[in-house]
Amino acid sequence: MAAETLDQIVSLCKRRGFLFPGSEVYGGLQGTFDYGPLGVELKNNLKRLWWQHNVYERDDMEGLDASILMNKLVWKYSGHEETFVDPLVDCKTCKARFRADRLGDMPCPKNPKKHPGECEGELTEPRPFNMMFKTQVGPIPDPESFAYLRPETAQGIFVNFANVLDSTNRKLPFGIAQIGKAFRNEITPRNFVFRVREFEQMEIEFFCHPGEDEATHEAFIQDHVRFWTERCGLSPERLTLYEVPKDELAHYSKRTVDIMYRFPIGVEELEGIANRTDYDLGSHTRDQEKIEITAAVQPNAHSTQRLTYFDQPNKKHIVPFVIEPSAGVDRGVLAILTEAYNEETLENGDTRVVLKLKPALAPIKVAVLPLKKNEPAIVEVAKSIKNSLQATGLMRAVYDDTAGIGKLYRRQDEIGTPFCITVDFDTLGREGDAALKDTVTVRHRDTMMQERIAISQLKSYLLERLV
Ligand code: GAP
């Protein structure tokens, strides 16, 4: 089972502190969300897992963290100034604005049973709306002193291609991975964190020899399906691959395959994997006319660097081809929450909400609970177990005694904590069974199965199961 409606997720996120609407105390700011105490842990765990999978477990990847603000020429020569547009229409009656290609997603503000255009309101002809945010750089507000907030992290990688190549002595093929914020002035942000104006991307630009691009593309598609299913726990039945039709491809792409996920709002893009050919390095390089470039690049780049690779065997400079897996962190969080969300009816008729998160993604790994909070010896042992697990630096451990044990279990189930440890009178050796002294109950979130484990074994027991 998974969440069936977005409301189930939104309500859990607000109730338990995963996500809050941005600037809520002033009525909010559309298209922004703030990650709360548990949300930030889940999001960091997803980013860590992605970095582990794509950087640490490969021999052909470097990392980067480029600036959000970049010289505005980057966006001219990347093609974004000209083409990073959505079609905008106005309703002549209610004056609301909509994305012309997604009218079916939106209710008419005056007549919510209908979509814009189906109501009495007449729509204007579509016109292009550039989605890049502008900001002023420096204290003098002249028309040239602006910069864009980056709408994709990718360009920070392209403009650093030569820096990374020179400083690492890499040979083709190799990739550069980056996780960071991106900003888009979406016409109609909606569906919780699915479409927002400020979000994070996890991107790789993987550079290879022309001719090796198509096989590399396929390999990344398969590998990233494995990432989302095997490492993040998304079920294969909810994932599909979408071959983006030629007439819908971004200006830089020769082929794009989207990894689609069945969100509660429908089947939508989670990650796009594009073959960007030699378009970006070709567009940003100086000496364009002296190098062979296959893509229809932005001409006359004013860049100061040659973004090429010296192909030793053939003794010539080439512009590498680029495969780009690009995933949204926030959409990843939404997919993971959707998949993990379960409402269960228990044998005794009670219901529980349980987040069946992969342990590596769970915000809290272990909760240590005293069976009785007014029994000082139990509390002391429970706190010392929590402290020793916390001191390993390998897991987030919490102590909680603010309710009865049943309620504490439910609370931890709802936030996805894989293990609860209960300290009781047996632990103290006061219940007659000497064999249980210095042992605790470990309760498993998904099965609710309980077993007795020696305190001395706890650390290794948990570490084995938290990967
Ligand atoms: N560098 C390529 C690129 O940016 P994209 O398909 O426009 O490609 C990549 O974006 C990913 O970023 C998407 O698959 C999605 O997960 C995420 N994304 C894009 N726009 C978003 C938005 N407004 N809100 C949340 N995530 C978004």
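**Exercise 1. Determine how an oxygen atom of the ligand contacts the side chain of Glu269.**

Solution. An oxygen atom of the ligand lies 2.5 Å from an N or O atom in the side chain of Glu269. A polar contact is a pair of N or O atoms within 3.5 Å; within protein, one must be able to donate a hydrogen and the other to accept it, and residues adjacent in sequence count only if both atoms are side-chain atoms. The protein covers 91% of the 550 Å² of accessible area that the ligand has on its own (Shrake-Rupley method, 1.4 Å probe; for residues, only the protein chains shown count as cover).

The model is predicted: local features need pLDDT of at least 70, side-chain atom pairs count only at pLDDT 80 or more, and totals for chains, interfaces and linings use all residues. Residues are numbered from 1 along each chain as its sequence is written, and side-chain values use heavy atoms, with hydrogens and water left out.

**Exercise 2. Identify the ligand contacts of Val196 and Glu203.**

Solution. A polar backbone atom of Val196 is 2.8 Å from a nitrogen atom of the ligand. For Glu203, an N or O atom of the side chain is 2.5 Å from a ligand nitrogen atom.

**Exercise 3. Classify the ring pair of Trp50 and Trp51.**

Solution. Rings of Phe, Tyr and Trp (its six-membered ring) pair if their centres lie within 6.5 Å; planes under 30 degrees apart count as stacked, over 60 as edge-to-face and the rest as tilted. The count comes to 12 aromatic pairs. The centres of Trp50 and Trp51 are 6.3 Å apart and their planes are at 45°, so this pair is tilted.

**Exercise 4. Classify the ring pair of Tyr261 and Phe263, and state whether these residues are buried or exposed.**

Solution. With 5.1 Å centre to centre and 85° between the planes, the pair of Tyr261 and Phe263 is edge-to-face. Both Tyr261 and Phe263 are buried (under 20% relative accessible area; exposed is over 50%, partly exposed in between; 1.4 Å probe, protein chains only).
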